[in-house]
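Student: I would like a close look at one part of this model. Please take me through the helices of chain B and what surrounds them.

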Amino acid sequence: MKNPATILPSAQYKRKATIFSVLSIIVIGCCWFVEFNPFGFFSEFHFVQDLLSEMFPPNFEIIWDDNSMAMSILQTLSMAFLGTFYGGFVAIILSFLSATPTMPIVWIRNLTKFMLSLIRVIPSLVIILIFVIAVGPGAFAGVLTLVITTIGTFGKLFTETIDNTENPAGEAIFSVGSNRVQMIKYSIVPQILPSFISNLLYAFDINMRAAIGLGIFGGGGIGYKLHMAMRVLHYKDATALIALIIVLVTIVEKISNTLRKRII
Amino acid sequence: MKQFSIKRYYPIIVGLIVFAALSWGAAISCQIEWTGLFEGIGKGMFFLKNLFPPDWEAFPEMLQPALDSLILAFLGTFFGTLMAVVFAVLGAANIAHPIVRTISRFLIGLERSLPELFILLFLIAAFGLGSMPGIICLSLGCIGMLGKLLADAIEEIDSVLIQSLTAVGANKLQIIVFGIFPEILPKLLAYSLFRLEINIRLSVILGAVGAGGIGYELDYAFSMLQYHRAFSALLVVLVLIFGIEKLSAYLRNMLNIKANLK
């Protein structure tokens with residue numbers, strides 16, 4: 001007679017089967033709820049084919065013919081730079097105010113932490129809608145949005161970096177009679193500087209993409225150009241602009257990666 | 001005696017001047033007028049004052065779109081993770097043929113360099129408005145990030161594992177199912193939970209462009225100048241994002257504890 005343990009499904013197998021069936025029920029229920037058919041992408045692929053036939057061949061002449069093209073590339077790059085520059089500046093200040101080793105007063109720490117998490121939660125869509133109302137559509141509204149989002153994301157990251165610095169060095173400096181400012185200057189800044197610089201380069205990389213995306217909501221730059229081309233159904237121009245964007249983003253990413261590798 | 005030498009500070013001074021010049025030039029190309037900002041602050045404050053109080057009666061109407069957005073993000077993450085696993089396996093040097101790897105890595109990089117919003121615009125141009133282009137867009141968006149992270153995770157797997165599986169006669173599929181999949185599962189779950197956080201934010205933004213859900217409600221209320229209604233939508237969005245963030249952090253913590261126990 002066979003041992004029942006070898007015939008019956010094992011506990012591990014049962015657990016796997018339960019997880020799998022629950023997950024598939026949830027997914028199917030969700031698909032049914034929003035009336036989404038995952039295979040619809042393949043069965044209705046001819047729509048994509050139609051679009052692709054309209055998109056190709058790309059009309060690269062628009063890049064050379066349009067005089068404002070160089071300006072909008074420059075504008076997108078400047079938006080990313082300014083967003084990173086000012087946003088990073090404020091993020092660094094706020095991170096010093098909200099990290100434990102640099103800020104001894106508890107309520108200031110909690111207040112800045114709360115502010116940072118509030119900024120982080122507000123979606124960039126809302127921020128740009130508000131800034132477009134405040135300063136009008138254009139690159140300036142985009143820059144201000146990027147500043148705010150950079151503060152939110154990197155403020156928290158920088159705070160964690162400062163919190164994770166090694167304390168013994170600071171304690172040693174304290175023990176020979178320095179004050180807090182000297183401790184920050186000689187113990188914390190040398191520890192965090194490489195990480196801050198590499199994170200700011202990464203922020204520039206992210207902000208570059210975000211700057212392109214913000215163009216849709218009135219942020220100006222190359223994203224706005226692409227949005228306009230799609231709106232008036234000039235898909236051949238849009239393909240050329242997309243190729244341009246991919247090249248631009250890839251170059252910025254490569255530069256930022258190389259610089260980061262050098263620093264670390 | 002203190003010795004002060006200006007020469008020590010030359011690199012810092014030069015760096016500051018370069019940065020000041022760069023930001024000045026960038027400010028010109030963006031047509032930044034700081035006076036405009038100060039006037040704008042007044043306008044913005046007036047606008048923010050108009051938001052209060054939220055339209056309490058609109059909340060029941062917000063529940064359906066909020067659920068839509070949530071499901072959009074969940075399904076996008078789910079299908080995106082499945083696709084990302086395929087791309088990651090094809091993009092890992094220790095499994096895939098070098099040519100396949102190059103192609104897969106190229107596609108992953110291509111997706112990463114394209115903002116999700118424009119993928120959505122193209123999908124809307126192809127499929128029309130609705131949740132379908134939104135879900136497809138979010139899934140495609142996962143390929144870039146998760147695909148790269150997972151492909152790197154697979155490449156970090158100890159080669160002894162794969163060699164020993166090959167030695168007992170496993171084929172490629174068996175290596176993937178029994179060797180690689182259990183190995184990357186904790187990382188896979190952690191990354192896709194992290195991506196879920198990103199996707200819930202994205203689904204709000206994509207909703208405004210035409211994927212429906214709470215983002216559409218928000219954008220519509222803003223453009224109809226129904227600020228109280230917009231504020232209630234904004235509150236729902238904040239609760240949604242904050243809730244998902246906490247849930248994801250909690251689940252990831254649990255995963256970490258489990259992984260450490262093993």
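Tutor: What follows goes through the helices of chain B, then the contact with chain A, then the parts of chain A around it.

A word of caution first. This is a predicted model.

Start with helix H6 of chain B. It covers residues 131–155. How far apart should its ends be? At 1.5 Å a residue, its 25 residues should span 36 Å. The end C-alpha atoms are 35 Å apart, so the span agrees with that expectation. H6(B) still has a kink of about 35°, centred on B:Leu146. H6(B) is also mostly covered, with 20 of its 25 residues buried.

Now compare helix H8 of chain B, residues 172–211. A straight helix of 40 residues would span 58 Å at 1.5 Å a residue. The end C-alpha atoms of H8(B) are only 39 Å apart. Where does H8(B) bend? There is a bend of about 50° at B:Phe181. A proline, B:Pro182, follows within four residues. At the other end, just after H8(B), B:Gly212 takes a positive phi of about 80°.

B:Glu183 also belongs to H8 of chain B. Is B:Glu183 buried or partly exposed? It has 17 C-beta neighbours inside 10 Å, so it counts as partly exposed. A residue needs 20 or more such neighbours to be buried. Leaving aside residues within four places in sequence, B:Glu183 is in contact with B:Ile157 and B:Leu161. Follow the chain from B:Glu183 to B:Arg201 and you pass along 18 residues in sequence. Their C-alpha atoms are 30 Å apart in space.

Helix H5 of chain B, residues 116–127, holds B:Ile124. This residue has 20 C-beta neighbours inside 10 Å, and therefore counts as buried. Not counting residues up to four places away in sequence, B:Ile124 touches B:Leu129, B:Pro133 and B:Gly210. B:Val18 is another matter. B:Ile124 and B:Val18 are 106 residues apart in sequence, and 44 Å apart from C-alpha to C-alpha.

Next, the contact between the chains. Chain B gives 49 residues to it, and chain A gives 45. What is the side of chain B that touches chain A made of? Its residues divide into 37 nonpolar, nine polar and three charged.

The core brings both chains together. The largest nonpolar core has 126 residues. A:Val143 and B:Leu150 have the most contacts inside it. Which residues does A:Val143 touch, beyond its neighbours within four places in sequence? From chain A, they are A:Met79, A:Leu82 and A:Gly83. From chain B, they are B:Cys30 and B:Ile32.

H5 of chain B comes up again with helix H12 of chain A. H12(A) covers residues 222–231, and eight of its ten residues are buried. Among them are A:Ile222, A:Tyr224, A:Leu226 and A:Met230. A:Lys225 and A:His227 are buried too. What do the buried residues of H12(A) pack against? In chain A, the partners are helix H6 (68–98), helix H11 (180–214) and helix H13 (235–263). In chain B, the partner is H5. Just after H12(A), A:Leu233 takes a positive phi of about 60°.

A:Ile73 lies in H6 of chain A. It is partly exposed, because 18 other C-beta atoms lie within 10 Å. Leaving aside neighbours within four places in sequence, A:Ile73 is in contact with A:Ile222 and A:Leu248. A:Ile222 is one of the buried residues of H12(A). A:Ile73 and A:Val143 are 70 residues apart in sequence and 14 Å apart in space, C-alpha to C-alpha.

Finally, the layout of chain A. It is divided into domain 1 (1–37) and domain 2 (61–263). Taken over C-alpha atoms, the centres of these domains are separated by 44 Å. A:Phe33 lies in helix H2 of chain A, residues 11–33. With 13 C-beta neighbours inside 10 Å, A:Phe33 counts as partly exposed. A:Phe33 and A:Ala17 are 16 residues apart along the chain, and their C-alpha atoms are separated by 24 Å.

Conventions:
Residues are numbered from 1 along each chain as its sequence is written. Chains are lettered from A and ligands numbered from 1 in the order in which they are written. This is a predicted model: local features need pLDDT of at least 70, side-chain atom pairs count only at pLDDT 80 or more; totals for chains, interfaces and linings use all residues. A nonpolar core is a set of buried Ala, Val, Leu, Ile, Met, Phe, Trp, Tyr and Cys residues joined through C-beta atoms within 7 Å. A residue is buried if 20 or more other C-beta atoms lie within 10 Å of its own, exposed if 12 or fewer, and partly exposed in between; C-beta atoms are placed from the backbone. Two residues are in contact if their C-beta atoms, placed from the backbone, lie within 7 Å. Domain bounds come from an automatic or database domain assignment. Helices (H or I, at least four residues) and strands (E, at least two) are DSSP runs, numbered from the N terminus. The expected span of a helix is 1.5 Å times one less than its number of residues. The bend at a residue is the angle between axes fitted to the seven residues ending there and the seven starting there. Ala, Val, Leu, Ile, Met, Phe, Trp, Tyr, Cys and Pro count as nonpolar, Asp, Glu, Lys and Arg as charged, and the others, Gly among them, as polar.
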